[in-house]
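Got your viewer open and a selection tool ready? Let's walk through this one stop at a time.

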Amino acid sequence: MTLPRWSLIAALSLLTLVAAIASLLFGAVDLSVARLVAAATGDGDKVASIILFDLRLPRTVLALAVGAMLGLAGAALQGYLRNPLAEPSVLGTSNAAALGGVGAIYFGLADIHPIVLPLLATGGALVSLALLVALAGRAESPLTLILAGIAVGTLAVAGTSLALNLSPNPFAAMEIMTWLLGSLENRSFDHVWIALPCVAIGSAMLLWNGRALDALTLGEDAAQALGTDLKRTRLRLLLGTAIGVGGAVAVAGAIGFVGLIVPHLIRPLTDRSPSAILLPSAIGGAALLTLADLGVRIIPSTIELKLGVVTAFLGVPVFLIHLMRERRLW
Amino acid sequence: MVSLVLDHVGVTLGRRAVVRDVSTEFGPGTLTAIVGPNGAGKSTLARAMLALVPATGTVRVDGVDAAAMPRAELARGIAYVPQGQLLHWPLTVERLVGLGRLPHLTPMSRISAADTAAIERAMARADVLDLRGRIATELSGGERARVLFARALAVEAPALIADEPLASLDPGHQIDVMDMLRAEAAGGALVIAVLHDLTLAARYCDRLLLIDAGRIVAEGAPAEVLTAERLRAVYGIDARVETGGAWPTITVLGRASV
């Protein structure tokens, strides 16, 4: 079912708006809509205003930004690698960002200031980018990029495992594990100011690649013969993913599957060209992660569920549906 | 008007010299076939003309060095139908043909009325208007060949290079594709096709370029190039070449006895 592009974008935007409003309205503390509206307009009580502006608003903004970045990066990578199973972690950037965060916890730097962890995580993503460019920056085949991504990602995962292995006590290991599961709990505007510029720069670079990704539908030779500069396309893809996803993982931890499932959900609604799913995947990712984060808060449980756990569970039915569709085809 | 001039062009892939010291030229309104055995360097030569492989020597498009041209400008000068019918996503025929307009667009520009008109013209010329809403990956080989040809026509470039456009097509569809190439040349385009079918090459092309081991062995009118001696030397076959009709016909008798 192909929807006209602008109706798809309008429908997804509406969904995202509803999700964002719901994310502001519901949470651990039950606040009436009237109190929140009063707080939003500036004449509410102090508690409502703190909950709205210092807790729920940054959390909502981060869910939107991180979700959009993961959805967009997934769509761009699937287009570039011409593989519907690609996702942002394919380049190893998210693992490297996670390692940066783990390092901050392991060496106790995260306790100095809340901002140290996301800064080190962003640093991890940038180091992985440098490694990726060194390993695969010049070659033109997607295979070399995947191999370089696996090498960088495996190295980062090994480093994370090492940190867990060498943890002085179970509590330290637990803290690392908890962060790795991914969450938007207790985030402030400090985190927003780290994530937003990264997401903005990363998204712009990936969206700029749209036409080049369309050309790659015909293979690399045909894409070049259609005027595509493959080296620049790849560089924008690497920079955009590393900066954007690095910034997203830095504030939210490693949240999987959003980048994988959102393009899958969006693709059947478009003309299936890689460029057509970029922007809708960003908006859809924002809606999905905001709704998942809302679910985390309102699903009753004694310990708050981690966002990465919920998105992982969401991924399963999407792939089961795909599997069933494939079986019917064959 | 367009001209394509190759001046001592060589291509080395890995350690192997695949194309060696090729100098020749192509002009508008002609259909040239590049023929030769497997591994002779035909496709690599075609890719060198499009600056898709690093080459020594120079390829000049209307007097300008192709390697120094911005990619988009070169793309507007020469359209290309690559080997195989590669298509990674299930696009509709209309969307696929529309990819031919990419050299005329910038990353954020909108498709203009002129682009839409060019897409319509290309689909009409390749006779795929009735397929426009179909998913290109679900078409038959013959239909897909026409659609990919339309994609190249949508570029509206003065030159066209097609790499083995007849591969895996039945005789009827082979003739359809050759008719389209012929029509483009008749319309003033510079057309080059890498071909394996020597009789079709002889029947449709103004000029043949016979390549072996990366070098030009012979070039000229089909009847001059396709002699039994050359076919024996280059392809290792015994063949009967009949030149009495409107075009030379080649009957392969068997492997040449050494």
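Which residue in E2(B) does B:Val9 stand opposite? Select B:Val9 and look across to E2(B): the residue facing it there is B:Val22. As you go, keep in mind that this is a predicted model.

**Stop 1: the sheet in chain B**

Now widen the selection to the strands around that pair. Four strands of chain B make an open sheet, in the order E2-E1-E4-E5, and their pairing is antiparallel. Strand E2 (16–26) and strand E5 (64–65) of chain B are at the edges; each has a single partner strand, so one side of each has no neighbour in the sheet. If you show backbone hydrogen bonds, here is what to look for: strands of a sheet pair through them, either parallel or antiparallel.

Next, select strand E1 (residues 4–13) of chain B together with E2(B). The two run antiparallel and are joined by seven bridges. Towards the hairpin, pick B:Leu13, which stands opposite B:Arg16 in E2(B). The hairpin of E1(B) and E2(B) has two residues between the strands, and B:Gly14 has a positive phi there, near 65°.

Then turn to the other partner, strand E4 (residues 56–61) of chain B. E1(B) and E4(B) pair in the antiparallel sense over five bridges. To find one of these, select B:Gly10, whose bridge partner in E4(B) is B:Thr56.

**Stop 2: two positive phi values outside glycine**

Stay in chain B and select B:Asp21, which lies in strand E2. Its phi is near 50°, a positive value in a residue other than glycine. Is B:Asp21 buried or exposed? The answer falls in between: B:Asp21 has 15 C-beta neighbours inside 10 Å, so it counts as partly exposed.

Now jump to B:Glu164, in the loop between strand E7 (159–163) and helix H6 (171–186) of chain B. B:Glu164 is not a glycine either, yet its phi is positive, about 45°. With 19 other C-beta atoms within 10 Å, B:Glu164 is partly exposed; a residue counts as buried if 20 or more lie within that distance.

**Stop 3: where the chains meet**

Show both chains. Here 21 residues of chain B are in contact with 21 residues of chain A. Select helix H2 (residues 71–77) of chain B: with three residues, it gives the largest share of the side of chain B that touches chain A. Colour that side by class and you will find 16 nonpolar, two polar and three charged residues.

**Stop 4: helix pairs in chain A**

Hide chain B and select helix H1 (residues 5–25) and helix H3 (residues 46–81) of chain A. Their axes are 9 Å apart and they pack at an angle of about 150°, which means that H1(A) is roughly antiparallel to H3(A). The crossing is right-handed. On the H1(A) side, pick A:Thr16, A:Ala20, A:Ser23 and A:Leu24; the H3(A) residues they meet include A:Leu52, A:Arg56 and A:Leu64. This contact divides into six nonpolar, three polar and one charged residue.

For the last view, select helix H4 (residues 93–106) and helix H11 (residues 230–252) of chain A. At what angle do their axes cross? They cross at roughly 40° and come within 9 Å, which makes H4(A) oblique to H11(A). This crossing is right-handed. Show A:Ala97, A:Ala98 and A:Gly101, which are among the H4(A) residues in the contact, with A:Val245, A:Gly246 and A:Val249 among those in H11(A). By class, the contact has six nonpolar, five polar and no charged residues.

Methods: Residues are numbered from 1 along each chain as its sequence is written. Chains are lettered from A and ligands numbered from 1 in the order in which they are written. This is a predicted model: local features need pLDDT of at least 70, side-chain atom pairs count only at pLDDT 80 or more; totals for chains, interfaces and linings use all residues. Axes are lines fitted to C-alpha atoms, for helices over the stretch in contact, and angles run from 0 to 180 degrees between N-to-C directions. Angles under 35 degrees count as roughly parallel, over 145 as roughly antiparallel, 65 to 115 as roughly perpendicular and the rest as oblique. A crossing is left-handed if the near helix is turned anticlockwise from the far one by less than a right angle, and right-handed if clockwise. Two residues are in contact if their C-beta atoms, placed from the backbone, lie within 7 Å. Ala, Val, Leu, Ile, Met, Phe, Trp, Tyr, Cys and Pro count as nonpolar, Asp, Glu, Lys and Arg as charged, and the others, Gly among them, as polar. Two strands pair if DSSP finds at least two bridges between them. A residue is buried if 20 or more other C-beta atoms lie within 10 Å of its own, exposed if 12 or fewer, and partly exposed in between; C-beta atoms are placed from the backbone.
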